[in-house]
Amino acid sequence: MANSSSNNQTTYLIIGAACLAITGLALYLSLPNKSSGSGSGDGNDKSTGITPTKSNSSKRSTSTKSTAASSTNSNNNNSSNSSSVEDDKSLHRRIEEIDREGKALFKNKEYTAAAECFTKALELIDLSNNNNAASGNNNIAGESNSESKNGLMRQVVTLMNNRSAMYEKASLPDLALSDCDAVLERDPSHVKARTRRLRILESLNRYSEAIVEHQVLYLSNKLADELAKTKNKEILNSVVSN
């Protein structure tokens, strides 16, 4: 009986141990896989790390493209400005060449041909102004562009005045008067143009108009003298005070 009882206890112990082992195994299997979880976490971390990298790369790419585009636009503007400046220089050189040709013809007393030379130069300036207006280059190159315009304006006045002199020499008073008017419209203080206008009006017996020009010339000369005196006084005072 003692042996039977001992055997039963042993059996119970084995069965109990087996149950505990099965329960432990079941609990173990029911737990999440730490290794898998850790791997997944690493994967998520990696994934999370890649996304900003791609985003930053994309931003850098976009920024690079934007910078490149800005640089290209800047280069294009600089190229356009440089081209505009070169065109202006070329235009000035060409006008000066034509002006010299006209003056050479004047010395040879070929007055009509000389007038045609000055007309050619004026037409070049008109063409340049029209091209700049059409292409929108009027606002390019800022200060340089303004200086170029002023230079062209002075050349227009000089060329028109020279052409009016050729027309007068060629006995074309109406054309000469027209150029005088154009010069005085741009520069009312232009003495040569006003003197020529007075002379032509007298030759055409248009005395009432000639008297007006005479009075304007008289007042202009008197004003110039007064300004010269004032300037001389200022210079003298400056020297004395120093």
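**Entry 1: cysteines**

I began with a definition: a residue is buried when its relative accessible area is under 20%. I also noted for myself that I am looking at a predicted model. With that cut-off in hand, I looked up Cys117, which counts as buried because its relative accessibility is 8%. Cys180 is buried too, with a relative accessible area of 0%. How many disulfides does the structure hold? My search came back with 0 disulfides.

**Entry 2: helix α5**

Cys180 led me to helix α5, since it is among the buried residues there. The helix runs over residues 173-186, which makes 14 residues. From first C-alpha to last, α5 reaches 20 Å, close to the 20 Å expected at 1.5 Å a residue. Which residues of α5 are buried? I listed Ala176, Leu177, Asp179, Cys180, Ala182, Val183 and Leu184. A reminder to myself about helices in general: an α-helix has 3.6 residues a turn, so residues three or four places apart point the same way.

**Entry 3: Arg163**

Asp179 of α5 turned up again when I looked at Arg163, as the two are in contact. Arg163 belongs to helix α4, residues 142-169. Is Arg163 buried or exposed? Arg163 has a relative accessibility of 13%, so I put it down as buried. Leaving out residues up to four places away in sequence, I found that Arg163 also touches Ala115, Phe118, Thr119 and Leu122.

**Entry 4: Ile125**

Next I picked Ile125, which sits in helix α3, residues 111-135. Ile125 is buried, as its relative accessibility is 2%. What does Ile125 touch, once residues up to four places away in sequence are set aside? I wrote down Ile95, Leu152, Gln155, Val156 and Leu159. For Val156 I also checked the spacing: Ile125 and Val156 are 31 residues apart in sequence, while their C-alpha atoms are 7.9 Å apart in space.

**Entry 5: aromatic rings**

I then searched for aromatic pairs and found 1 in the structure. The partners are Phe106 and Tyr111, and their pair is tilted, with 6.0 Å centre to centre and 50 degrees between the planes. Phe106 is partly exposed, at a relative accessible area of 35%.

**Entry 6: salt bridges**

Over the whole structure I counted 9 salt bridges. I started with Glu168 and Arg196, whose side chains meet at 3.3 Å, N to O. Why does this pair tie together separate parts of the chain? Glu168 lies in helix α4 and Arg196 in helix α6 (residues 191-203), so the bridge joins parts that are 28 residues apart in sequence. Glu168 is partly exposed at 25% relative accessible area, whereas Arg196 is buried at 9%.

Glu168 has another partner in Arg199, with the closest N and O atoms 2.8 Å apart. This pair, too, links distant parts of the chain, with Arg199 in helix α6 and Glu168 in helix α4, 31 residues apart. Arg199 is partly exposed, at 40% relative accessibility.

I looked up Arg206 and Glu209 as well, and their side chains form a salt bridge of 2.9 Å, N to O. Arg206 is partly exposed at 30% relative accessibility, and Glu209 is partly exposed with a relative accessible area of 30%.

Which residues are linked in a network of salt bridges? My last note names Asp181, Arg194, Arg197 and Glu213.

Terms used:
Residues are numbered from 1 along each chain as its sequence is written. This is a predicted model: local features need pLDDT of at least 70, side-chain atom pairs count only at pLDDT 80 or more; totals for chains, interfaces and linings use all residues. Side-chain values use heavy atoms; hydrogens and water are left out. Helices (H or I, at least four residues) and strands (E, at least two) are DSSP runs, numbered from the N terminus. The expected span of a helix is 1.5 Å times one less than its number of residues. Buried means under 20% relative accessible area, exposed over 50%, partly exposed in between (1.4 Å probe, protein chains only). A disulfide is a pair of cysteine sulfur atoms within 2.5 Å. Rings of Phe, Tyr and Trp (its six-membered ring) pair if their centres lie within 6.5 Å; planes under 30 degrees apart count as stacked, over 60 as edge-to-face and the rest as tilted. Contact means heavy atoms within 4.5 Å. A salt bridge is a side-chain nitrogen of Lys or Arg within 4 Å of a carboxyl oxygen of Asp or Glu.
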